Structures are given as C-alpha cells and as structure tokens.
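Biologist: I have a model open and would like to learn how to read its features. Could we go through some of them together?

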Amino acid sequence: MSGFVVKGWCPDAWRPMMAGDGLLVRVRPPLARLTAQQAEGLCDAAKAHGNGQIDLTARANLQLRGVAEATWPALLEELQALGLVDPDPVTEGRGAILINPDWHEGDDTHAIARELRTRLVELPELPGKVGFVVDAGPAPVLMPASGDFRVERAADGGLLLRADARARGVTVTPATAVDALIRLAHWFVESGGRTAGRMARHEAVLPDWAQGDARPAASGPVMQPGAHPIGVVYGLPFGRIAAASLAALVRTHGCAVRLTPWRLLIAEGIASAPAADMLLADNPILHVDACVGAPACPQASVETRGLAARLAPLIDGHLHVSGCAKGCARARAADWVLTGREGVFDLARNARAGAAPLHTGLTPERAVALLGAC
C-alpha cells in the first residue's frame, strides 16, 4: 500500500479538495495579478469563510484554507463577484496558465496570455493537471516549472511553441502563438494524450508542423526579494501568508500584487517597506520546500514546517520536507529530501519524495543531528 492517495486532478474554486483543516479552495487570478480591490476582497473572504491562511503555490495560484463546506457556496459567489473565478466551471478548469511575472502591459507575454484566456473555450477537454506556460519576456524564467504547452522566447530572439520534455519547438509569432498552442492541445487529445495524462509522458510523435528546430533562449536571472522595476518583491516562507498581513500591505499602499511560482509576491509601484509575514531579503527558509504536513493534510503522518525551519540554516543545497511520499511541495529532486512515513522520516539524497532512503525511521531530532553534520 502506498500510504497516500493520488487524486489525478488539481483543486480549483469550483472543485475544492478536502484537507485536514477543511476545504482547500484554489484561486487562479487572471494573469496572476490582483488589483488592490481584488486582494482586499480575497483577504476578507479568506477570513470570513476560511481559517485566514493563504498559500501561494508553485503555479502562481492562491489557496484559501480551512473553508467549511457550508460556507463554500458563499465564498464562490464572492470570488466570482471579484472577477477572480470564472462563472463557468469548465472554463475555470482550463485556466491553468503560468505566466512570466515580469510582464508589462502590451508586451508579448501579456498579449499572448490575455488572448489565451479569452480563447479557453476553444481548448479540448484535457486531463486535470495539464497546464500552459507563457514565458515570452526577454529571456525565459520559467524553464524549471511544469507546463505541458509552452510559449517561450527563442535563442534567436523570436518566439517558439514547445511541447514539454522536448528540447526544441516550432517558431511562432505573437499573432500565431495561441492558434498553434490550441492546435497542439487538440493533437494531444486526438493522439491519446488523455491516457498519458501529461505531455512529458506522451510518447506519440509530434505532428510535422510542430517539429521545429527552435531552441529556447538561455534562462534569465532568478528573481530575488527586494527592490524590483515593477515595485518590491517579498518572500513568503513556505509560500504562506496570513490574510490579515496581505490585507494590511494592500490597504497601506493601495497596490496591486502579482503572484510568482517562487514563493515571492510582487507589490506593484511601491518602494521597499517592511511587511508582516514577508521577507525583503534572501533567507535560507525561502530555499526549503515543505508541504503543510500533519495535521492539516490527512495524508501526512508528520509535522513538516517546524522541522524545515529548524533545518533551513543548516543545509548546504536545497531541502524538501514532505509529509508523505506524494511530494506535493516539490515535484523535482532536491539535494536532501525527508519523507514522512508512519510518524517518522526517511532521508534521501538528490532525490524526490518517496525515493529509496539512505536513512529510515528518523525522529525530527535525529534528522537535525544528521543534516547538521553534513
């Protein structure tokens, strides 16, 4: 027995998922941006209908936690009124678009992502975890992020459409990118992609028109907390923020906010200013992945984030602390990974959660002693 359940789909506002602390409701703000009014309304809703905790995900989505089943319909209505959830659940389910957060009004990333959002109804029915990446800034910044259909900056300065796990893509233009992406999505379904579930696992040969020689450009610099041309970047430990803290930031400065897949939040148009629950400088805790763990997740048998916070300053490299072998907080391998199992931890090196361990049955204290000596 695996000890955990793979759902095969990702929650959204119309399809919340039950967790140990109540319903988990995922919100996908258009273009990963909330106006000041939307951010305040979201925070008020999180406090009124949930436990007041908001998580920023690796897909630049927000998750409201602790929502009661009885109040979920009222929450859904409020999110729709704010323009944060599509009134059509099918369209909402297709909106898993990860966008380069450095976009500017009218640039290629902004224009392509906005057009894709308006044409979601043209997509076929896709598996629940399929997503899109629009990374058309001066240099790609989302290369490690998961995405089945990718529009990226090419090495020659143009644009390409690339199927995930393929090293090269086909040349497109800002005017043709969305047409080509929708066409590739239809090919994916027609060639049996639903069985594979994800493009990276789909072994069918791409159609001739999608077999280009364009290579992505070299990755751009990694975003860091602190001053930014758009405003200021704040780091969120484990991607979590209290709704009250986010509301205070927005109300103080009247700023819109952008979401990133790196546990960083961008407050538009303001200078660096301290804010509760947020970091203005790099910190070891921002380089540790840890799921919510027990008791908030019913599949976890261990507490995760307290241990991760203790280990963060001790680790040379990237650490992943997972409540179970499912590894929700980090799909990729980490330098060190602790996986919860029946109340204790297994430790692996250069691996994903659930990998064959070097050490088994570790208590938190033993894990600290081992990793502190590495």
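Modeller: Gladly! Let's begin in the loop between β18 (334-341) and β19 (344-351), which is where E342 sits. Helices (H or I, at least four residues) and strands (E, at least two) are DSSP runs, numbered from the N terminus. Please keep in mind that this is a predicted model, in which local features need pLDDT of at least 70, side-chain atom pairs count only at pLDDT 80 or more, and totals for chains, interfaces and linings use all residues. Residues are numbered from 1 along each chain as its sequence is written, and side-chain values use heavy atoms, with hydrogens and water left out.

Biologist: What is the phi of E342, and is the residue buried or exposed?

Modeller: Buried means under 20% relative accessible area, exposed over 50%, and partly exposed in between (1.4 Å probe, protein chains only). E342 has a positive phi near 50° without being a glycine, and its relative accessibility of 72% makes it exposed. Compare A32, in the loop between β2 and β3 (33-34). A32 is not a glycine either, and its phi is positive at about 55°, but this residue is buried with a relative accessible area of 8%.

Biologist: Which residues does a cis peptide bond join?

Modeller: Look at omega: it is about 5° for the bond between A294 and P295, which is cis. P295 belongs to the loop between β16 (288-290) and α8 (305-311).

Biologist: How should I read a sheet, and what is the strand order in the open one?

Modeller: Strands of a sheet pair through backbone hydrogen bonds, either parallel or antiparallel. Here, two strands pair if DSSP finds at least two bridges between them. The open sheet has five strands in the order β16-β17-β18-β19-β20, and its pairing is mixed. At the edges are β16 and β20 (359-362), each paired on one side only. From one strand to the next, the twist averages 20°. Axes are lines fitted to C-alpha atoms, for helices over the stretch in contact, and angles run from 0 to 180 degrees between N-to-C directions.

Biologist: How many bridges join β16 to β17, and what lies across β17?

Modeller: Three bridges link β16 with β17 (residues 319-322), and the two run parallel. V288 has L319 as its bridge partner in β17. Helix α9 (residues 364-372) lies across β17, β18, β19 and β20, at about 140° to β20. Contact means heavy atoms within 4.5 Å. H320, in strand β17, is buried with a relative accessible area of 0%. Not counting residues up to four places away in sequence, H320 touches several residues, including D289, W336 and A353.

Biologist: Which residues of helix α2 are buried, and why are they on the same side?

Modeller: In α2 (residues 72-81), the buried ones are L75, L76 and L79. They share a side of α2 because they cover an arc of only 100° around the axis, the arc being that of the directions from the helix axis to the C-beta atoms. E77 and A81 are exposed on the other side. The cover over the buried residues includes β2 (22-27), α1 (36-49) and β5 (62-67). After α2 comes G83, with a positive phi near 80°.

Biologist: Strand β5 contains Q63; which side chain makes a polar contact with that of Q63?

Modeller: The side chain of R26 does, at 2.5 Å. A polar contact is a pair of N or O atoms within 3.5 Å; within protein, one must be able to donate a hydrogen and the other to accept it, and residues adjacent in sequence count only if both atoms are side-chain atoms. Q63 counts as buried, at 9% relative accessibility.
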